[in-house]
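User: I'd like a close look at a single part of this structure, the active site. Please start there and then work outward, in one connected account.

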Amino acid sequence: EHSPFEQTKGINGLDKIIVRDGRGASVEVYLYGGQVASWKSEKGEELLVMSSKAIFEPPAPIRGGIPILFPQYSNTGPLPNHGFARNRFWAIEANPPPLPSNSSAKVDLILRPSKDDMKIWPHKFEYRLRIELGDGGDLTLTSRVKNSDGKPFHFTFALHPYFAVSDISEIQVEGLHNVDYLDQQKNRARFTDHGKVMTFNSQLDRIYLSTPNQIRIVDHKKKKTIVVHKEGQVDAVVWNPWEKKVSDLGVEDYMRFVTVESAAIEKPITVKPGEEWKGILQMSVVPSGHP
Ligand SMILES: O=P(O)(O)OC[C@H]1O[C@@H](O)[C@H](O)[C@@H](O)[C@@H]1O
C-alpha cells in the first residue's frame, strides 16, 4: 500500500517525516520531539516559524514549529522546564487505535517513557499524536494520553505553535475579550483582559484561563487570519518575547511570530488507570473578514 507520508532525514541527519495532501499543502515532522517543523499552504507559503538560530542537536529542544510541552507546562512542577516530551525521540505508530478521520494525509506518532523518564516522572503512559492535513490544507494535531499504569496521574500540557505573521506590530489576536489571565511577567498574578482585541508592542507572556474554543490571529498586512480551534484544553498561552534575550532565537525573529498555545495548565488533567485523555488542536488560514 502507498504510504501516506515520506520518511527522510532533516537537519543533522535527524529523522523527518513529510506529509503531503496532494494539493500542495505539506507538513514536516521531526521524530525528535514529535515536533512539527514546517507547515505549508497549498501555495507553498510557510505558516510556522523556525528560529534562525534553532539548534537541531539533542538534548536541546528545537526552537520553532510546534513543540509539545508535556507532562509539565513551564516551571509549574519539579520537572525540567516544559517537561520532557519535546526532547525525546518519538516513534512512528503503524497501526494506531482508530480515530474518526477522513484524511489520508497523516502520520501517527507515539511516545512511551524510558526507564530514565520513569525516574523523574514515575508513570507509565502512551502519548499518541496524530498529525494530519485536512481539506484546504488545515493542520490538526490530535493528542491521546493513555494511562497504562496502576495508579492515576496528572499532567499539565501545551502545544506551542510559532505562527508566522507578517509583522508582530500589525496583528491582532481575537477571542480573549473579558477572559482572565495569569501574567507570567508578574509572577503569574491574575488579571482580566478588557481589550476587545490584543495588539503587541512589547514583551507579552500570558496564560489565558478557560478560553473560548476559537482564537483568531488577524494579520492585516497579509489579509489573512489564522484560526486556532482547540478541544479538551481549556487554557491558552499567548507569548512574544520581543526584546527579551532568548539564546537560540535570532534577534529579529520575534517580529515574525506569535505563539497561541492550546494548553491545560490551571487545572491539571487527571487520567485514571486504563483511561485515555484526548485533545485536539486545529489550525487553518482563511482570508481576513471571513468567519
Ligand atoms: O524557552 P522555552 O523553554 O522554549 O519557553 C518558551 C516560552 O514558552 C511559553 O509557553 C512561555 O509562556 C514563555 O514564558 C517561555 O519563554
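Analyst: Happy to. First, a term we need: strands here are DSSP runs of E at least two residues long, numbered from the N terminus. Please also keep in mind that this is a predicted model.

The active site comes from the UniProt record, an unreviewed entry, which places the feature at H160 and E261. The two span 102 residues in sequence, yet no two of their C-alpha atoms are more than 4.7 Å apart, so they gather at one spot.

They arrive at that spot on unlike elements. H160 sits in the loop between β10 (153–159) and β11 (162–164), while E261 belongs to strand β19, residues 257–271. A residue is called buried here if 20 or more other C-beta atoms lie within 10 Å of its own. H160 has 22 such neighbours, so it counts as buried; E261 is buried because 27 lie within that distance.

Their contacts fill in the picture. Setting aside residues up to four places away in sequence, H160 touches I66, P67, L69, T259 and E261. With the same kind of sequence neighbours left out, E261 is in contact with A158, L159, H160, P161, A236 and V237. The pair thus appear on each other's contact lists.

Next, the ligand. Around it are P61, S74, N81, H82, H160, Q184, D205, V237, W239 and E261, so you will spot both active-site positions in that shell. By type, this shell divides into 3 nonpolar, 5 polar and 2 charged residues.

Two of the shell residues are bridge partners: D205 is paired with W239 in β18. The strands behind this pair are β15 (residues 204–208) and β18 (residues 235–240), which run antiparallel to each other over 5 bridges. β15 is mostly covered, with 4 of its 5 residues buried. β15 also pairs in the antiparallel sense with β13 (residues 180–183), over 3 bridges, and there L182 stands opposite I207. As a general point, strands of a sheet pair through backbone hydrogen bonds, either parallel or antiparallel.

Moving outward again, we come to the nonpolar core. The largest one has 72 residues, and those with the most contacts inside it are L48, F163, V173, V258 and V260. The strand giving the largest share of this core is β19, with 6 residues, and that is also the strand that holds E261. L48 has contacts including I66, P161 and F163. I66 is also touched by H160, and P161 is also in contact with E261. In general, nonpolar side chains tend to be buried together in soluble globular proteins.

V173, another of those core residues, leads on to an open sheet. Its bridge partner is I217 in β16, and β12 and β16 (residues 214–219) pair antiparallel over 4 bridges. The sheet has 8 strands in the order β6-β7-β8-β9-β20-β17-β16-β12, with antiparallel pairing. Here β6 (91–92) and β12 (171–174) stand at the edges with a single partner strand each, so one side of each is left without a neighbour in the sheet.

One last backbone detail is worth a look: a cis peptide bond with omega of about 0° joins F70 and P71, and P71 lies in the loop between β5 and β6.

Technical notes: Residues numbered from 1 in each chain as written. Predicted model: local features only at pLDDT ≥ 70, side-chain atom pairs only at ≥ 80, totals over all residues. UniProt positions renumbered as here; feature names shortened; annotations may be inferred. Buried ≥ 20, exposed ≤ 12 C-beta atoms within 10 Å, placed from the backbone. Contact = placed C-beta atoms within 7 Å. Pairing = 2+ DSSP bridges. Core = buried A, V, L, I, M, F, W, Y, C linked by C-beta atoms within 7 Å. Near = placed C-beta within 6 Å. Nonpolar A, V, L, I, M, F, W, Y, C, P; charged D, E, K, R; others polar.
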